[in-house]
Each structure stands twice: as structure tokens, then as C-alpha cells.
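User: I should like to learn how to read a protein model step by step. Could we begin with the whole chain and then turn to particular features?

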Amino acid sequence: MRRLVLAAGMAALLTGCGTAAQTAKNPEPTTTPIHLHAANVGEAITLTGVDDAGVTGTLTLAVKVKKVISTAVGRGTFEKPRKGERFVAVRFVFKNIGSTAYQDSPTFGAKVIDEAGHGYDPTVATVTAGRGFPRVVTLLHDQIGAGFIVFAVPRTARIVSVQYALNAGYATELGQWRVH
């Protein structure tokens, strides 16, 4: 009986818990195919996502990868990549061109890809190249936000593309910029 009560209590607790995506007001991961938009560094790509009310199409950003620094320098004494790694810093510019506010953490939707097809997620570091994004960015219609997102990659990796998707990377549209 005691186990049954304990199991029922755990089930009730787990039922009330959402996923990290739900907690961050982002949609559940989808099996819908990703629609890829390709461009070169310096070009803008229009990406759409799901707003806080779950409506698709009202959250629209023009996203530009402005610059890729293949060997970025950490700002602080303790901000150094681990042995065998280096920092890559990517400067993103976001312009809200949709009818709803953009409120998210830009770092969660970013990734760099090397020539072998390996993807690398952002790391927590600041670099001398410029400021990063705050933890959460809010942009109303026509507002612009810019900053660096930093990645720790193997020293020998050659980065060939940068990817970005709204909704912490869960949106069905993916921007991909070719790095020259």
C-alpha cells in the first residue's frame, strides 16, 4: 500500500512538470520537416517562429550573421578555452519584423558546423571582439538587437556554416549561413 501511495504521488508530481521547452515558453520539439534558408555571412534571412500564445507566423525576425571570428580571445583572465579548443565568436543582428514581441535567449537557437558535419552549441564566455547578448532579449516591432554568441570548438575544426532557429532552436525554419 505504501508503494502504491508513493507511486501515485510521484505520478501527480510528474504530471504537473513540463519540459524545458514548455517552461521557456517554446513549443514542443516537432517532427515537422525543417525548412532551410541558406545565405552567405552578411546577408539577412527572414525566420518565423511560434509566439507565446502558440500562434505561428506572428513572430518574425530578420536574422543576419554579420561576422565570424574564427579565433576569438576571451575577455577575462579565466575565460580561456579548454586545452585543444578555441573560441569562435559569431556576431548576430536581429530585427523584429513581425507583429508580436520577440522575447527569448538567442544563444539557445545558435550552432556552428564544421567541415566534418559536427555541430557545436554555444558556450558561456565573453570575448574581446564585443559584447554578447543579455540572458533574455526582448525586441518589439522594428527594434534591433545585436551581439556575439561564443562557441568552444576543437582547435583544428574548420567552421563552414552557422545555423540559427527561433524558439530556442525548436522552430521549423532554420537559417544557415556559409562561412568563407
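User: How much area does the chain expose, and what share of it do carbon and sulfur atoms supply?

Analyst: This is a predicted model, and its exposed surface comes to about 10500 Å². Carbon and sulfur atoms supply 57% of that area. As for the interior, buried residues account for 38% of the 180 residues in the chain.

User: What is the mean pLDDT of the chain, and over which residues is it below 50?

Analyst: The mean pLDDT of the chain is 85, and 82% of the residues reach 70 or more. Over residues 1-27, however, the value is below 50. Beyond near neighbours in sequence, that stretch has 14 contacts in the model.

User: How many helices and strands does the chain have, and in what pattern do they follow one another?

Analyst: There are two helices and eleven strands. Read along the sequence, the pattern is α-α-β-β-β-β-β-β-β-β-β-β-β. Sequence order does not by itself show which parts meet in space, and contacts help with that. Among contacts between residues at least 6 apart in sequence, 70% join residues at least 24 apart.

User: How should I read a sheet, and in what order do the strands of the open sheet stand?

Analyst: One reads the order of the strands, then the direction of each pairing. Five strands form an open sheet in the order 1-11-10-6-7, with mixed pairing. Strand 1 (35-40) and strand 7 (119-120) stand at the edges; each has a single partner strand, so one side of each is left without a neighbour in the sheet.

User: Which strands of this sheet run parallel, and which antiparallel?

Analyst: Let us cross the sheet from one edge to the other.
- Strand 1 and strand 11 (residues 173-178) run parallel and are joined by six bridges. Here His37 stands opposite Gly175, and Ala39 has Trp177 as its bridge partner.
- Strand 11 and strand 10 pair in the antiparallel sense over four bridges. Gly175 is the bridge partner of Tyr164 here.
- Strand 10 and strand 6 run antiparallel, with five bridges between them. Ser161 in strand 10 stands opposite Ile113.
- Strand 6 and strand 7 are antiparallel, with two bridges. Ile113 stands opposite Gly119 in strand 7.

User: How many residues lie between strand 6 and strand 7 in their hairpin?

Analyst: Four residues lie between them. In the turn, Gly117 has a positive phi of about 90 degrees.

User: Why is strand 6 described as largely enclosed?

Analyst: Four of its five residues are buried, so strand 6 is largely enclosed by the rest of the structure.

User: How may I examine a single residue, and is Val162 buried or exposed?

Analyst: One may consider its accessibility, its place in the chain and its contacts. Val162 has 0% relative accessibility and therefore counts as buried. This residue lies in strand 10. Leaving aside neighbours within four places in sequence, its contacts include Val65, Val90, Phe92, Val112 and Trp177. The C-alpha atoms of Val162 and Gly119 are 9.2 Å apart, although 43 residues separate the two along the chain.

User: Which residues touch the most other members of the largest nonpolar core?

Analyst: They are Phe92 and Tyr164, in a core of 29 residues. Several strands supply at least two residues each to this core, among them strand 3 (56-72), strand 4 (85-96) and strand 9 (144-154). Apart from it lies another core, of eight residues, including Ala72 and Val150. Returning to Phe92, its contacts beyond four places in sequence include Val63, Ala110, Phe133, Ile149 and Tyr164.

User: How is a pair of aromatic rings described, and why is the pair of Phe92 and Tyr164 called tilted?

Analyst: Such a pair is described by the distance of the centres and the angle of the planes. The search of the whole structure finds six aromatic pairs. For Phe92 and Tyr164 the ring centres are 5.5 Å apart and the planes stand at 55 degrees, so the pair is tilted. The pair links distant parts of the chain, with Phe92 in strand 4 and Tyr164 in strand 10, 72 residues apart. Both residues are buried.

User: Which residues form the aromatic cluster?

Analyst: The cluster consists of Phe92, Phe94, Tyr102, Phe133, Tyr164 and Trp177.

Notes. Residues are numbered from 1 along each chain as its sequence is written. This is a predicted model: local features need pLDDT of at least 70, side-chain atom pairs count only at pLDDT 80 or more; totals for chains, interfaces and linings use all residues. Side-chain values use heavy atoms; hydrogens and water are left out. A nonpolar core is a set of buried Ala, Val, Leu, Ile, Met, Phe, Trp, Tyr and Cys residues joined through side-chain atoms within 4.5 Å. Buried means under 20% relative accessible area, exposed over 50%, partly exposed in between (1.4 Å probe, protein chains only). Contact means heavy atoms within 4.5 Å. Rings of Phe, Tyr and Trp (its six-membered ring) pair if their centres lie within 6.5 Å; planes under 30 degrees apart count as stacked, over 60 as edge-to-face and the rest as tilted. Two strands pair if DSSP finds at least two bridges between them. pLDDT is the predictor's confidence in each residue, from 0 to 100. Accessible areas come from the Shrake-Rupley method with a 1.4 Å probe; for residues, only the protein chains shown count as cover.
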